[in-house]
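Student: I've got a new model open. Can we walk through the strands together?
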Amino acid sequence: MTSEVARFLEHLAGTRNLSPHTVAAYRRDLLDLEKFTREYLCRDDFEWSDVDRGVIRAFLGEAGRRGLAPRTVARKLSAVRALFRHLHRAGEITSNPASLVRGPKLDRTLPGHLRAEEVAALFRWAEDSARENGLAETRLLAILELLYGSGLRLSELASLGVRSLDPDRGQIRVLGKGRKERIVPVTAAAARAIRRYLPRRDEVAEPGERALLVGRHGRRLSNRHIQRLVQSVLEDFADSANLSVHSLRHTFATHLLDAGADLMAVKELLGHASLGTTQIYAHTSKERLRRVYKGAHPRA
């Protein structure tokens, strides 16, 4: 790894406070760029000032020929742009060759989500299971309520501590992308599920363990563990293929917008940095369009 990339990664982790997962993704993409550049320029000792727009375009073209998806190629370009923007601002290069490189055209595919009747069936089952009052059953209900009721990301849910929650006020403190903190409402159903789960959690939690979600050995559940738990349930209650934990977040946003929620309010609830990210959820069904038309048009 070049010293410039090493310092940039330190900047991402330290100054910008990005998550280890995000920094690792930048690292992979930039090491990929370094390897390609050495081979393309036939030089192991290249300088970043030697890299021009042609090199970057060739790098993206080679990624496409390797069969990488357009979104993966776009992610790599994003990492390259961030690196060169940093080098330019630091005065290590005189111009930014990545600023004018265009990325691949991306289809704005709609996120997978559950229908309202599928959500109702899922929670009927989860609530019935939780009546057994076991750790796994009460914990699963709390997980589902927080994912769908508050629209949390998987990483946000997994990082929750017991003190993050204020069920009496109906809110939760969440650490989102870029370590940005936000306060998110908690539904009454989620508050009830958490109160039911906490005694079971306290029975097994190791001394000093601050995580909200723990396993039977008393330690924090990993992202992967939560992912497997939710994935197995979704396969039983949804007709759509390829649903994931994130689908409950998509469902949260979709159902709010279908009920007429303001897009800016949904943006704040989701913790999005820009409205453009939220707008992908603003897909409208014919039924919703019909309701808006009948409610808004004077002669409808």
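**The strands and their hairpins**

Tutor: Start with a turn, and keep in mind that the model is predicted. In the hairpin of E1 and E2, four residues lie between the strands, and Gly170 has a positive phi near 70 degrees.

Student: How many bridges join E1 to E2?

Tutor: Two. E1 covers residues 165-166, and the strands run antiparallel. Asp166 is opposite Gln171 in E2.

Student: And what about E2 and E3? How many bridges there?

Tutor: Five, again antiparallel. E3 spans residues 181-185. One facing pair is Val174 with Arg182 in E3.

Student: Which residue in the turn between E2 and E3 has a positive phi?

Tutor: Gly178, at about 70 degrees. Five residues separate E2 and E3 in that hairpin.

Student: Back to E2. Which side chains are buried along it?

Tutor: Ile172 and Val174, which point to one face. Gln171, Arg173 and Leu175 point to the other and are not buried. So the side chains alternate along residues 171-175, with buried meaning under 20% relative accessible area.

Student: Zooming out, how many helices and strands does the protein have?

Tutor: It has 13 helices and three strands. Of its 300 residues, 40% count as buried.

Student: What share of the contacts with a separation of 6 or more comes from residues 24 or more positions apart?

Tutor: 58%.

Student: Switching to charge: how many positive and negative side chains?

Tutor: 51 positive and 36 negative. The centres of the two sets are 4 Å apart.

Student: And the surface: how much area does the protein expose?

Tutor: About 16900 Å², with 49% of it from carbon and sulfur atoms.

Terms used
Residues are numbered from 1 along each chain as its sequence is written. This is a predicted model: local features need pLDDT of at least 70, side-chain atom pairs count only at pLDDT 80 or more; totals for chains, interfaces and linings use all residues. Side-chain values use heavy atoms; hydrogens and water are left out. Buried means under 20% relative accessible area, exposed over 50%, partly exposed in between (1.4 Å probe, protein chains only). Two strands pair if DSSP finds at least two bridges between them. Contact means heavy atoms within 4.5 Å. Accessible areas come from the Shrake-Rupley method with a 1.4 Å probe; for residues, only the protein chains shown count as cover. Lys and Arg count as positive and Asp and Glu as negative; His and the chain ends are not counted. The place of a charge is taken as NZ of Lys, CZ of Arg, CG of Asp or CD of Glu.
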